[in-house]
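Grab a pencil and work through these exercises with the structure open beside you. Try each task before you read its solution.

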Amino acid sequence: MAVVSAVGLTKRFGDLTAVSDLSFELEAGSVTGFLGPNGAGKTTTLRMLLGLARPTRGQALVFGRPFTELEHPAARVGAVLEASDLHPGRTGRDHLRVLARAAGVPQSRVDEVLALVDLTGAAERRAGGYSLGMRQRLGLAAALLGAPELLVLDEPANGLDPEGVRWLRDSLRAFAMQGGTVLVSSHHLAEVAQTADRVVIIDRGRLVVESTLEELGTEPSSLENAFLELTSERAS
């Protein structure tokens, strides 16, 4: 069974079609880059997968069922769609404690995930004073609280310095090597080429290509060239 399965996903907002007849699957133990130009429908698709938006047509399945029907969802799926989704007056540790309590996760897990994302030293600082990169790390810590099997991340490298980007790459690869599955939306094509096993590229809400990185070519520039060629063809 596929970990994630999008089947004919369509989402309309009035006269605007944000996502149109989109289908793809993710298998366990993989990192998939979810790519597309601005406005391609990536975030809308992720929101449908996570039960935050209802498809106009089609299905978004996680572990074979809609996200809203999962039992103990925090133990199955961790997600970061907005790094700024936090209370600025709370410390990083308190932010995670509130989320752990709501998800039924032991409080001992808070210190574990703070260590995993290298925020232990900043845990008592108010999150409103965090840099964007630190907020990205805190968001990932929140996603990891329930020790999930699937991570869904929207632009997680935004605000990270080169060391942070490398840390994120290594973390996602390690997560997949342990059997986890990652779907990561990103504009950083060179980084996706070093991190992902496969890509799903969409444009104007439609699937352009679903492919392994190997199929696209082994040169570092192969993904960028394929992305630009495929999306510019649809624009012409």
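**Exercise 1: Aromatic rings**

Searching the whole structure turns up 1 aromatic pair. Before we start: this is a predicted model, where local features need pLDDT of at least 70 and side-chain atom pairs count only at pLDDT 80 or more, while totals for chains, interfaces and linings use all residues. Residues are numbered from 1 along each chain as its sequence is written, and side-chain values use heavy atoms, with hydrogens and water left out.

Task: Describe how the rings of Phe24 and Phe34 are arranged.

Solution.
- Step 1. A pair of aromatic rings is described by the distance of the centres and the angle of the planes.
- Step 2. Here's the rule: rings of Phe, Tyr and Trp (its six-membered ring) pair if their centres lie within 6.5 Å; planes under 30 degrees apart count as stacked, over 60 as edge-to-face and the rest as tilted.
- Step 3. The ring centres of Phe24 and Phe34 are 5.7 Å apart and the planes meet at 40 degrees, so this pair is tilted.
- Step 4. Now place them: Phe24 belongs to strand S2 and Phe34 to strand S3 (residues 31-35), 10 residues apart. Helices (H or I, at least four residues) and strands (E, at least two) are DSSP runs, numbered from the N terminus.
- Step 5. Both Phe24 and Phe34 are buried. Buried means under 20% relative accessible area, exposed over 50%, partly exposed in between (1.4 Å probe, protein chains only).

**Exercise 2: An open sheet**

Task: Work out which strands stand at the edges of the sheet.

Solution.
- Step 1. Write down the order: 3 strands make an open sheet, S2-S1-S4, with antiparallel pairing. Two strands pair if DSSP finds at least two bridges between them.
- Step 2. Strand S2 (16-26) and strand S4 (57-62) each have a single partner strand, so they stand at the edges, and one side of each has no neighbour in the sheet.
- Step 3. Check one pairing: strand S1 (residues 4-13) joins S4 in the antiparallel sense over 5 bridges. Within it, Val7 stands opposite Gln59.

**Exercise 3: Helix H4**

Task: Compare the expected span of helix H4 with the distance between its end C-alpha atoms, then find what covers its buried residues.

Solution.
- Step 1. The expected span of a helix is 1.5 Å times one less than its number of residues.
- Step 2. H4 (residues 132-144) has 13 residues, so it should span 18 Å; the end C-alpha atoms are 18 Å apart, which agrees.
- Step 3. Of those 13 residues, 11 are buried, so H4 is largely enclosed by the rest of the structure. Among them are Met134, Arg137 and Leu140.
- Step 4. The cover includes helix H2 (92-103), helix H3 (108-116) and helix H5 (162-177). Contact means heavy atoms within 4.5 Å.
- Step 5. One more detail: Arg137 lies over the face of Trp167, 4.3 Å from the ring centre. A charge sits over a ring if NZ of Lys or CZ of Arg is within 6 Å of the ring centre and within 35 degrees of the ring normal.

**Exercise 4: Leu189**

Task: Is Leu189 buried or exposed, and what does it touch?

Solution.
- Step 1. Locate Leu189: it's in helix H6 (residues 189-195).
- Step 2. Its relative accessible area is 14%, so Leu189 is buried.
- Step 3. Skip neighbours within four places in sequence, and Leu189 is in contact with Leu35, Leu223, Glu224 and Phe227.
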